[in-house]
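Me: I have a new model open and would like to learn how to read it, one feature at a time. Could you walk me through it?

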Amino acid sequence: MNDAAITFGPALVAVLVLLAVAGTAVVQAGGLGRGRDVLVAAVRAVVQLALVSLVITAVLRSAPLTGLFVLLMFGIAAVTSARRAGTWGNLPWTACAIAAGVAPVLALVLGAGVVPLKPIAVVPIAGIVIGGAMTATSQAARRALDELKARHGEYEAALALGFMPRAAALEICRPSAGHALIPALDQTRTVGLVTLPGAYVGVLLGGAGPIQAGLTQVLVLIGLLAAEAVSILVTVQFVAAGKLSRADWPGGSCR
């Protein structure tokens, strides 16, 4: 057993409960939202990871099951982004945006042999890239749609000046949606100086050396930047074209 591994025990349970309760209390007392959401998210994380831990051994023994597991992760990511954007009708478009970022990155790293075409390597890399693209899609969609709603008068003014609807929408929402890439940029710029991200720590805990961990983390970070940039670009285009919309606008559309 790796001496650096985190082991299950009463101390771990107590720490997890304390952290979840503390986060819930801070959010509730500070008026930052519903404290209950923090607690629910923590409980869901525990339950979901427990279930994944039970099935992951079987999944990693089979290439077809690995493929299905990756597709399941992708499907859940698309649904989550659609809900964050506002309506279930956004699902095809959030799925396309996430896929646009994820597919080329995975095709490149797997096709070039940089990541071994083995379930134990494919699942974590795919999960990280899909998760990053999901977050970027959700943030870009919400920022763009909120901006169009708040500045609807400017949008109409642009139309009056002769802009086509798509071009007018892009002028309004593109800069704001582009901010969705800031977290990935900051993480990449400060890696090793401010934080040691999950992939680096995970590889170290798995028993590999610091050099191997560093190479893995660099691949993950740059792959995430590429995937998220593409997903954000596609998301903005869908918003400008009126494909991604919000239910709280008249007729369910921003225009």
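Here is a walk through the fold, the burial, the side-chain pairs and the surface.

Reply: Happy to. Keep in mind from the start that this is a predicted model.

Me: Let's begin with the fold. How many helices and strands does the protein chain have?

Reply: The general idea is to list the secondary structure elements in order. Here the protein chain has 10 helices and zero strands. Read from the N terminus, the order is α-α-α-α-α-α-α-α-α-α.

Me: What share of the contacts join residues at least 24 apart?

Reply: For this, look at contacts in the protein chain between residues at least 6 apart in sequence; 64% of them join residues at least 24 apart.

Me: Now burial. How many of the residues are buried, as a percentage?

Reply: Of the 255 residues in the protein chain, 33% are buried. The cut-off to remember is that under 20% relative accessible area means buried, and over 50% means exposed. As for the outside, the chain exposes about 14400 Å², and carbon and sulfur atoms supply 71% of that area.

Me: Can you show me a single residue? Is A141 buried or exposed?

Reply: A141 counts as buried because its relative accessibility is 0%. This alanine sits in helix α5, which covers residues 119–150. To see what surrounds A141, set aside its neighbours within four places in sequence: the contacts are then A85, T235 and L244. You can also follow the chain from A141 to S176, which is 35 residues away, and find their C-alpha atoms separated by 9.9 Å.

Me: And a residue in a loop? Where is G33?

Reply: G33 lies in the loop between α1 (10–29) and α2. With a relative accessible area of 40%, G33 is partly exposed. Beyond its neighbours within four places in sequence, G33 contacts V27 and Q28.

Me: Next, charged side chains. What should I look for?

Reply: Side chains of opposite charge can pair when their charged atoms come close. In this structure, a search of the whole model finds three salt bridges.

Me: Which residue does D37 pair with?

Reply: D37 meets R34 in a salt bridge, at 2.8 Å from N to O. D37 is partly exposed at 34% relative accessible area, whereas R34 is exposed at 53%.

Me: What about E147: which side chain does it meet?

Reply: The side chain of E147 meets that of R151, with an N to O distance of 2.9 Å. E147 counts as partly exposed at 22% relative accessibility, and R151 counts as partly exposed at 26%.

Me: And how are D186 and R189 placed in helix α8?

Reply: D186 and R189 are three residues apart in helix α8 (residues 182–190), so about one helical turn separates them. Their closest N and O atoms are 3.7 Å apart, and the two form a salt bridge. D186 is partly exposed at 38% relative accessibility, while R189 is exposed with a relative accessible area of 60%.

Me: How do I read aromatic pairs?

Reply: Check the distance between ring centres, then the angle between the planes; over 60 degrees counts as edge-to-face. The count here is one aromatic pair. The rings of W93 and F238 have centres 5.1 Å apart and planes at 65°, so the pair is edge-to-face. W93 belongs to helix α4 (residues 91–111) and F238 to helix α10 (residues 210–240), so the pair ties together parts that are 145 residues apart in sequence. W93 is partly exposed at 26% relative accessible area, and F238 is buried at 16%.

Me: How many disulfides does the structure hold?

Reply: There are zero disulfides. You can still look at individual cysteines: C96 is partly exposed, at 40% relative accessible area, whereas C173 counts as buried at 0% relative accessibility.

Me: Last one, the surface. Which residues form the nonpolar patch?

Reply: A nonpolar patch on the surface is formed by L39, V43, V46, V47, L51, L54 and V55, which together have about 630 Å² of accessible area. Take V47 as a sample member: it lies in helix α2 (residues 35–60). V47 counts as partly exposed because its relative accessibility is 44%.

Notes: Residues numbered from 1 in each chain as written. Predicted model: local features only at pLDDT ≥ 70, side-chain atom pairs only at ≥ 80, totals over all residues. Heavy atoms only, no water. Patch = residues over 30% accessible without salt bridge, like charges linked within 9 Å, V, L, I, M, F, W, Y side chains within 5 Å. Areas by Shrake-Rupley, 256 points an atom, 1.4 Å probe, with all protein chains shown as cover. Salt bridge = Lys/Arg side-chain N within 4 Å of Asp/Glu carboxyl O. Helix = DSSP H or I, 4+ residues; strand = E, 2+ residues; numbered from the N terminus. Buried < 20%, exposed > 50% of the residue type's maximum accessible area, 1.4 Å probe, protein only. Contact = heavy atoms within 4.5 Å. Phe/Tyr/Trp six-rings, centres within 6.5 Å; stacked < 30°, edge-to-face > 60°. Disulfide = S-S within 2.5 Å.
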